[in-house]
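These are my notebook entries on a single structure. I set down what I looked up, item by item, and what I found.

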Amino acid sequence: MPSTANNHNIGAENSGPVQAPSTERIGLGIQQGYRSASYQFLETRTPTDTLPLRSIAKLSNTERDVLKVKNRWLSSPFPAQLAAIVDRIIEDRRHRPITNAVCLGIGSLQWHEQFLVFSQVVIQLSVSNPEILNNIVVQDPVISPEQRSMLINHGCKVVENPAAFDLVNANTFLMSTYIGVSNLVGGLQGKGVQELALFIGDGDEILEAATASILVKPHEIKVIGPLLDENLCNHQDVPTDRREKIHNGGGQFVGLTGLDIWWRPVRSKDEILAVLFENARTLGFPPDLREFEQAYNRGYSQLVKPIRERIVCSFVAARQDGDTQSFLEYYHRYYTAILDGGMTDTVRRYELGINRWKSIIKDPKEEDRTWLEYIKGQRWLSDQPQVLTIGWDQPVDCNAVRADTRGSSTPNNHGSTFLSDFQHRCLGIGAGANSMAYDFERFMIVLQIAKRLARENPLVLDNLYVQEQHMSPGMRDLFIKYGFKIVQNPAAFDLIGPNTCLISPYVRIQILAPLLLGKPIENLAMFVGDGGSMLQDAQRLAGSEPGVLEVFDSMLDVDSRNMVDVPCDRPNGKVYGPDNGSAWPALAGLDIW
């Protein structure tokens, strides 16, 4: 395949071959810890990692910083782990090797570490296809002159936004770190990247944000879904030591802690159809490949895995209730209803059941419970039959520990009682997604707030909800033990009212904003979260995503609300992360509105 990057006039500063250093120079670099005999990186046009130490001291600050991080990287076990992953990628793509590399957003946020991963991956991919070394492109609007020179020295072509997006195709290695869903979707839309070969970036967060905003921004999931398809792509986290799967999540290389690697093995159309059909069969789909294929060929194959699975589950439940629609008909009506907000009561009942079933199977003891078993009657935790979460048409009940101030209530069919004088509902969104130490700190805050609110209004105890799609079984059990009902995304957002206490620690604003649109948040009784940083981020995005600022200006109006920081020590200020110096690091960035 001819080079696509060479078709663009990028400038003479980006041209010229990269010469390999002499054996003697390479030996010096290895001796000083800046090179490795086992793991290679992009060569430079002018020497850097093969210079004597006295000459390295004369390099630019950027080049020296890269060498320092490179020395730490090569002293860790992670280059070997990354090389093993890339070997798998090369094998999975042997019939269609990767031809070019595009890197977006490399100008900030511990970019040295990200560039070294990019460099190691590209040079290893070049073993199977040397053409890639002539097609390395980097784009970042905030790149500095020193960074630009360093990248050019390493054989990269530096282009202005949005030129790099035009170079992305199905055989591209795309690295995109923390540039946001809207920016990524805006650049990739219409570029034919449904079968992108390799992606490295904050994929989990991108996929979560795009899935969460499907009702208000359906075009995002249409672009992101195929890139990060859990059925058709293999994926692993970028190797590093991390305390949390977020940016700056602790360890030696905090710029890598939120990143993952997604690659698509080369498969024929029949093989892809077989993979998706087998997944549908595990959910109870009838053994009729032809019926499945009709929907597959009419857009179903382009949906992201969580949405595909929900459609199949809803269809299977409808079949059990005697519905005779074909899968193609059901898929079209379901998807249209989701986008238009016209879901029937029956389908909404199925949705609640899907939420409950997904909640149940997060328990290791229940992970083999199939959807068919659930809809045929097995709708309780086997060892806790008295505990029910929202779902299907079952009533909500829980024999959890209650405060001695509890009063009586008359719940509606969702287990909720509407009052007008004080908080009647306590919602925790994004709880239980991190290390256990962090989770316990947040759980302690949620529990204490709920207890204090219940003294004023005991009905709060009947309306405790928590939502987090990545919650560990241990945290899930703990919330249930203390009377919380577990709901699946986005069910919790439908429970938000003016008398709600919403607790949402460190959930990205791009995820929260679409789901809060249209909810009565302008009079929200109480909010606990990283509100201060949310407002700052919303103001920063005001130009590209004005709807985000509208949501958070409404919910966190500094003129009409009181605000205090969550009590804890903050030796390094109001910042979140393992290095903030606080005895309560998960609380140091939180405030109460």
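**Entry 1. A charged pair between two helices**

I began with the side chains of glutamate 291 and arginine 319, which meet in a salt bridge with 2.9 Å from N to O. Glutamate 291 belongs to helix H11 and arginine 319 to helix H12, so this pair ties together parts that are 28 residues apart in sequence. I noted that the model is a predicted one. I then looked up how covered the two partners are. Glutamate 291 has a relative accessible area of 11%, and it counts as buried because the cut-off is under 20%. Arginine 319, at 33% relative accessibility, is partly exposed.

**Entry 2. Helix H12**

I next asked whether H12 is mostly covered or mostly uncovered. I found 13 of its 16 residues buried, so I recorded H12 as mostly covered. I also checked its length. The helix runs over residues 305–320, and at 1.5 Å a residue its 16 residues should span 22 Å. The C-alpha atoms at its ends are 23 Å apart, which agrees with that expectation.

Within H12, I looked up a second salt bridge, formed by lysine 305 and glutamate 309 with their closest N and O atoms 3.1 Å apart. These two residues are four apart in the helix, which means that about one helical turn separates them. Both lysine 305 and glutamate 309 are buried. After the helix comes glycine 322, and I read its phi as positive, near 95°.

**Entry 3. Other salt bridges**

How many salt bridges does a search of the whole structure find? The search gives 18. Among them is the one between lysine 245 and aspartate 237, whose closest N and O atoms are 2.8 Å apart. Lysine 245 is partly exposed at 26% relative accessibility, and aspartate 237 is partly exposed at 35%. I also recorded a network of salt bridges that links Arg35, Glu43, Asp49 and Lys70. As a reminder to myself, side chains of opposite charge can pair when their charged atoms come close.

**Entry 4. Aromatic rings**

I turned to the rings and found 21 aromatic pairs in a search of the whole structure. I chose one of them, phenylalanine 292 with phenylalanine 327, whose ring centres are 5.9 Å apart and whose planes differ by 10°. The pair counts as stacked because its angle is under the cut-off of 30 degrees. Phenylalanine 292 is in helix H11 (residues 289–296) and phenylalanine 327 in helix H13 (residues 327–340), so I noted a link between distant parts of the chain, 35 residues apart. Phenylalanine 292 is buried, with a relative accessible area of 0%. For phenylalanine 327, I likewise read 0% and entered it as buried.

Which residues do ring pairs link into a cluster? I listed Phe277, Phe285, Phe292, Tyr300, Phe315, Phe327, Tyr330, Tyr331 and Tyr334. Elsewhere in my search, I found the charged end of lysine 485 over the ring of tyrosine 465, at 5.5 Å from the ring centre.

**Entry 5. Backbone angles**

Before this step I wrote down the usual case: most residues other than glycine have a negative phi, and most peptide bonds are trans. I then looked for departures from it.

Asparagine 248 is not a glycine, and its phi is positive, near 60°. I located asparagine 248 in the loop between strand E6 (234–237) and strand E7 (260–263). Its relative accessibility is 28%, so I entered asparagine 248 as partly exposed. Tyrosine 506 also has a positive phi, about 60°, without being a glycine. Its place is the loop between strand E11 (500–504) and helix H18 (509–516).

Is the peptide bond from asparagine 161 to proline 162 cis or trans? I found it cis, with omega near 5°. Proline 162 lies in the loop that runs between strand E3 (157–159) and strand E4 (172–176).

**Entry 6. Two glycines**

My last item was glycine 573, in the loop between strand E13 (564–565) and strand E14 (591–592). Glycine 573 is partly exposed, with a relative accessible area of 28%. Its C-alpha atom is 8.5 Å from that of glycine 589, and the two glycines are 16 residues apart in sequence.

How values were computed. Residues numbered from 1 in each chain as written. Predicted model: local features only at pLDDT ≥ 70, side-chain atom pairs only at ≥ 80, totals over all residues. Heavy atoms only, no water. Expected span 1.5 Å × (residues − 1). Buried < 20%, exposed > 50% of the residue type's maximum accessible area, 1.4 Å probe, protein only. Phe/Tyr/Trp six-rings, centres within 6.5 Å; stacked < 30°, edge-to-face > 60°. Lys NZ or Arg CZ within 6 Å of the ring centre and 35° of its normal. Salt bridge = Lys/Arg side-chain N within 4 Å of Asp/Glu carboxyl O.
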